[in-house]
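Work through the exercises below with the sequence and the model side by side. Try each task before reading its solution.

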Amino acid sequence: MLKKLSKKTVLTVIAILVVLVAVAVGETVHAFSGGGSKGTITVGAKGFAENEILASLYQIALQENGYDAKFVDNLDGDVLHSAINSGKIDFYPEYTNTGVVMVLKHDPIFDPEKAYQYVKEQYKKKYNIVWLNQSAINDTYGFVITKKVADQYGISTISQLCENSPKLRLAQMYDWNADPAIGEALDKTYGKFKFADVKTYNAGLVYPVLKEGKADALVAQTTDPQLEDTSTYVLLKDDKKVWPPYYLTPIIRQSTLDKYPGVEGIINSVTKEVSGSDILELNRQVMIDKKEFQDVARKFYDSHIKK
């Protein structure tokens with residue numbers, strides 16, 4: 001009797017078929033392709049703003065340099081890893097500790113350079129995939145509090161937040177104690193947090209709740225666009241390093257670099273131009289202002305990267 005396939009397996013197979021069809025017919029999913037005479041390169045992306053923006057920037061740069069760069073996005077990590085391994089896509093932006101933990105099945109590596117060197121060496125050895133230059137974009141967990149609370153209690157680190165937690169209210173998007181990467185990790189590293197009140201809100205409401213003074217703290221992502229507003233929100237220093245770094249880095253097949261040796265320099269030239277503060281602004285335009293990521297990437301490329 002055939003073993004029943006899990007929902008995740010079925011969805012993964014479907015997504016890979018989408019990639020195959022997109023490449024076969026010369027079209028892309030939720031994006032566009034551009035013409036050139038130097039060859040065809042397929043760029044992949046995960047289905048959220050910053051990853052799509054970076055991938056789109058790489059696509060634009062390749063097109064500007066004469067390549068026919070095609071774009072396939074809205075894929076999860078498992079599908080992207082399978083697609084790049086099989087050659088259905090040539091490269092995509094990945095995150096260092098995603099590679100460490102999810103792909104290589106290693107414990108998190110907390111030193112940014114060691115994490116980068118580990119994935120760089122292991123991916124080359126196991127998959128013949130190259131990690132290009134690491135970006136300045138670190139999308140990891142972070143504790144955010146209001147500036148009013150930070151000033152009132154003199155809080156700038158997570159240790160200080162833990163000490164003051166009995167006086168403060170936590171807003172969360174889900175039960176953080178159910179996620180070992182948050183609750184369990186925090187307890188082991190910083191001790192038990194004893195917030196005066198804990199309430200769960202829809203993801204779109206947690207920042208407004210802080211801004212309106214209905215809560216004092218939340219666990220967020222360090223590339224959340226709301227963090228641009230430093231007059232309202234303060235991202236606390238992870239002084240005991242509970243959360244590993246997730247630096248956004250393009251990864252590419254060695255065979256693609258062998259075929260198109262000029263591509264590495266083009267991609268690296270884009271990566272170095274996008275700072276951590278840049279991604280907050282770019283994410284804001286897509287996530288809050290609801291602009292199309294392709295348009296946001298095009299404007300940034302023309303104003304910051306194009307020679």
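**Exercise 1. Which residue of β2 is the bridge partner of Lys-46, and how are β1 and β2 joined?**

Solution. Begin at Lys-46, whose bridge partner in β2 is Leu-75. Next, widen the view to the two strands, β1 (residues 40-46) and β2, which run parallel and are joined by six bridges; strands count as paired if DSSP finds at least two bridges between them. Helices (H or I, at least four residues) and strands (E, at least two) are DSSP runs, numbered from the N terminus. Then add helix α2 (residues 49-64), which together with β1 and β2 makes a right-handed β-α-β unit; right-handed says that, with the strands pointing away from the viewer, the path from the first strand over the helix to the second runs clockwise. Finally, look at the cover on β2 (residues 68-75): seven of its eight residues are buried, so the strand is largely enclosed by the rest of the structure. Buried stands for under 20% relative accessible area, exposed for over 50%, and partly exposed for what lies in between (1.4 Å probe, protein chains only).

The model is a predicted one, in which local features need pLDDT of at least 70 and side-chain atom pairs count only at pLDDT 80 or more, while totals for chains, interfaces and linings use all residues. Residues are numbered from 1 along each chain as its sequence is written, and side-chain values use heavy atoms, with hydrogens and water left out.

**Exercise 2. Where do the buried residues of α13 fall, seen down its axis?**

Solution. First list the buried residues of α13 (residues 293-305), among them Phe-293, Val-296, Phe-300 and Tyr-301. The buried residues fall within an arc of 155°, so they line one face of the helix; the arc is that of the directions from the helix axis to the C-beta atoms. Turn then to the face away from the buried side, which carries the exposed residues Asp-295, Lys-299 and Ser-303. As a last step, follow the buried residues of α13 to the elements they pack against, namely α2, β2, α11 (263-271) and α12 (276-287).

**Exercise 3. Is Ser-165 buried or exposed, and which backbone atoms does its side chain reach?**

Solution. Locate Ser-165 in the loop between α7 (158-164) and β6 (169-172), where the residue is buried, with a relative accessible area of 1%. Its side chain reaches the backbone oxygen of Cys-162 at 2.9 Å, and a polar atom of the Ser-165 side chain lies 3.0 Å from the backbone nitrogen of Lys-194.

Technical notes: A polar contact is a pair of N or O atoms within 3.5 Å; within protein, one must be able to donate a hydrogen and the other to accept it, and residues adjacent in sequence count only if both atoms are side-chain atoms. Contact means heavy atoms within 4.5 Å.
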